[in-house]
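Biologist: Could you walk me through this one? I'd like to know what stands behind each label you use.

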Amino acid sequence: MTTPLDRLRQSMKGAQLDAVWVTQPENVRYLSRFSSPEDARVLVTPEHATLYTDARYTVQAQQESTLPVHIARGLAVYEHAHASLVGLKVGIEANHLSVAAYQDLQAAWPQSTLQTTRGLIEPLRMVKMQDELAAIRAAQAIADAAFAQLLPQVVAGVSEAALAGKLEQAMRELGAQGPAFETIVASGERGALPHGRATDKLLQDGELVTFDFGALKDGYHSDMTRTVAVGPQSDEHIRLYRAVLEAEEAALAAVKPGVRAADLDQISRNTLEQYGLAEYFVHSLGHGVGLNIHEGPSLYAQSEDVLEAGMVITIEPGVYVPGQTGLRIEDLVLVTETGYEVLSASPKTRL
Ligand code: ZN
Ligand code: ZN
């Protein structure tokens with residue numbers, strides 16, 4: 001079985017790097033399994049890989065890290081790493097490392113060549129390992145159970161903020177470390193805001209209300225959107241809902257290894273076009289989910305990404321009619337050898 005470190009060493013060869021200094025927290029966690037990566041770094045050299053963190057984490061790092069641990073702080077970290085880097089070309093993460101840290105590294109490692117990299121480790125994270133999948137499944141199961149508890153309370157007179165709070169509390173009680181991101185609850189006209197955060201607005205009969213939320217478990221995220229009816233709905237709302245559900249299910253049905261992400265995006269837009277609604281679908285179809293809530297692959301018109309078994313993606317078309325209403329339906333989906341498995345189990349038919 002290939003480990004994250006094996007995968008990275010392959011990429012380093014391709015990029016002609018001798019070593020990599022990893023600072024981006026999710027990348028540090030991916031390589032080491034250490035659960036406080038904001039206070040840690042990983043150095044990968046031709047022969048060794050080391051997790052650096054400070055004395056607050058001595059015990060935790062020994063328990064969790066799959067890499068040898070060195071405890072140090074501040075410039076002492078760079079001094080320790082220096083010895084193994086003389087004469088080497090060292091990759092750094094341009095998307096994360098601060099200018100100040102870059103200058104410190106230049107001063108601390110005068111006999112090494114620093115080489116900026118972008119997206120060296122992130123693509124390796126797209127195809128999930130078994131323990132990563134288990135964490136994502138657990139996070140999604142928590143979100144589904146919390147939503148089932150919430151549904152009877154989605155009635156006229158309750159505020160969006162109250163529902164968001166109940167949902168997040170339920171996820172914590174069910175074992176989540178917290179919400180995967182700030183819970184979105186958008187009702188009535190506010191449904192036209194794709195990322196409408198919960199406000200003190202009260203739900204009213206005849207409105208649609210969109211919930212977009214997830215749980216965080218062992219560092220991994222879940223992501224799901226459901227739109228629910230508050231009381232009886234107009235014919236137009238029912239038409240919009242059917243269109244989005246059809247667009248979501250059409251794209252979902254096409255998920256399998258080898259399919260281009262851009263083609264899935266097009267399938268959902270074609271369905272909405274048949275309803276005259278394509279212009280109201282203003283964002284991309286979906287994204288990968290893992291240690292970050294948004295990661296590769298990217299599902300949008302210009303994406304070069306191609307699906308592979310083991311990727312975890314979202315399929316999330318929506319329509320947003322400014323000043324009137326809006327809705328989205330999002331599933332969390334595992335790409336399998338033969339097609340797909342929907343990880344989000346909450347019903348999509350309550351209207
Ligand atoms: Zn979402
Ligand atoms: Zn999403």
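Biologist: What makes the site of the zinc ion (ligand 1) irregular?

Modeller: This is a predicted model, to begin with. The four donor atoms of the zinc ion (ligand 1) make angles of 56 to 151°. Four donors count as tetrahedral if all angles lie between 85 and 135 degrees, and as square planar if opposite donors are over 155 degrees apart and all others between 65 and 115. Angles of 56 and 151° fit neither, so the site is irregular.

Biologist: Which atoms are the protein donors there, and how do you know that they count?

Modeller: Asp-212 gives OD twice, Asp-223 gives OD and Glu-330 gives OE. They lie 2.0 to 2.6 Å from the zinc ion (ligand 1), and the cut-off for a donor is within 2.8 Å of the metal, so they qualify. Along the chain, the donor residues follow D-x10-D-x106-E. Asp-223 sits in the loop between strand S11 (220–221) and strand S12 (224–229), and Glu-330 in the loop between strand S17 (325–328) and strand S18 (331–335), so the pair ties together parts 107 residues apart in sequence.

Biologist: And what makes the arrangement around the zinc ion (ligand 2) irregular?

Modeller: Here the four donor atoms subtend angles of 77 to 152°. A tetrahedral site needs all angles between 85 and 135 degrees, and a square planar one needs opposite donors over 155 degrees apart, so this arrangement is irregular too. The protein donors are Asp-223 (OD), His-287 (NE2), Glu-316 (OE) and Glu-330 (OE), lying 2.1 Å from the zinc ion (ligand 2).

Biologist: Why is Asp-223 said to bridge the zinc ion (ligand 1) and the zinc ion (ligand 2)?

Modeller: Asp-223 coordinates both ions, which lie 3.1 Å apart.

Biologist: Why are Asp-223 and His-287 called buried?

Modeller: The relative accessible area of Asp-223 is 3%, and that of His-287 is 9%. Buried means under 20%, so both belong there.

Biologist: Let's move to the helices. How do you know that the span of helix H8 agrees with its number of residues?

Modeller: Helix H8 (residues 235–253) has 19 residues, and at 1.5 Å a residue the expected span is 27 Å. The C-alpha atoms at its ends are 27 Å apart, so the two agree. Among the buried residues of H8 are His-237, Tyr-241, Glu-248 and Ala-251.

Biologist: Why is Ala-261 called buried?

Modeller: Its relative accessible area is 0%, and the limit is under 20%, so Ala-261 is buried. Ala-261 belongs to helix H9 (residues 261–274). Leaving aside neighbours within four places in sequence, Ala-261 is in contact with Ser-298, Leu-299, Ser-303 and Asp-305. Its C-alpha atom is separated by 9.9 Å from that of Ala-251, ten residues away along the chain.

Biologist: What about the largest nonpolar core: which residues have the most contacts inside it?

Modeller: Leu-8, Val-42 and Val-312 do, in a core of 34 residues. The elements giving two or more residues to this core include helix H1 (4–14), strand S2 (40–44) and helix H6 (130–150). The core draws at least three residues from each of domain 1 (4–125) and domain 2 (127–342). Another core, of 28 residues, lies apart from it, with Ala-247, Ala-251, Leu-327 and Ile-329 among its members.

Biologist: And how many residues does each domain put into the contact between them?

Modeller: Domain 1 supplies nine residues and domain 2 eleven residues. The centres of the two domains, taken over C-alpha atoms, are 35 Å apart.

Conventions. Residues numbered from 1 in each chain as written. Chains lettered and ligands numbered in written order. Predicted model: local features only at pLDDT ≥ 70, side-chain atom pairs only at ≥ 80, totals over all residues. Heavy atoms only, no water. Donors = N, O, S within 2.8 Å, 3.2 Å for Na, K, Ca; no water. Tetrahedral: all angles 85-135°; square planar, octahedral: opposite > 155°, others 65-115°. Helix = DSSP H or I, 4+ residues; strand = E, 2+ residues; numbered from the N terminus. Core = buried A, V, L, I, M, F, W, Y, C linked by side-chain atoms within 4.5 Å. Buried < 20%, exposed > 50% of the residue type's maximum accessible area, 1.4 Å probe, protein only. Domains from an automatic or database assignment. Expected span 1.5 Å × (residues − 1). Contact = heavy atoms within 4.5 Å.
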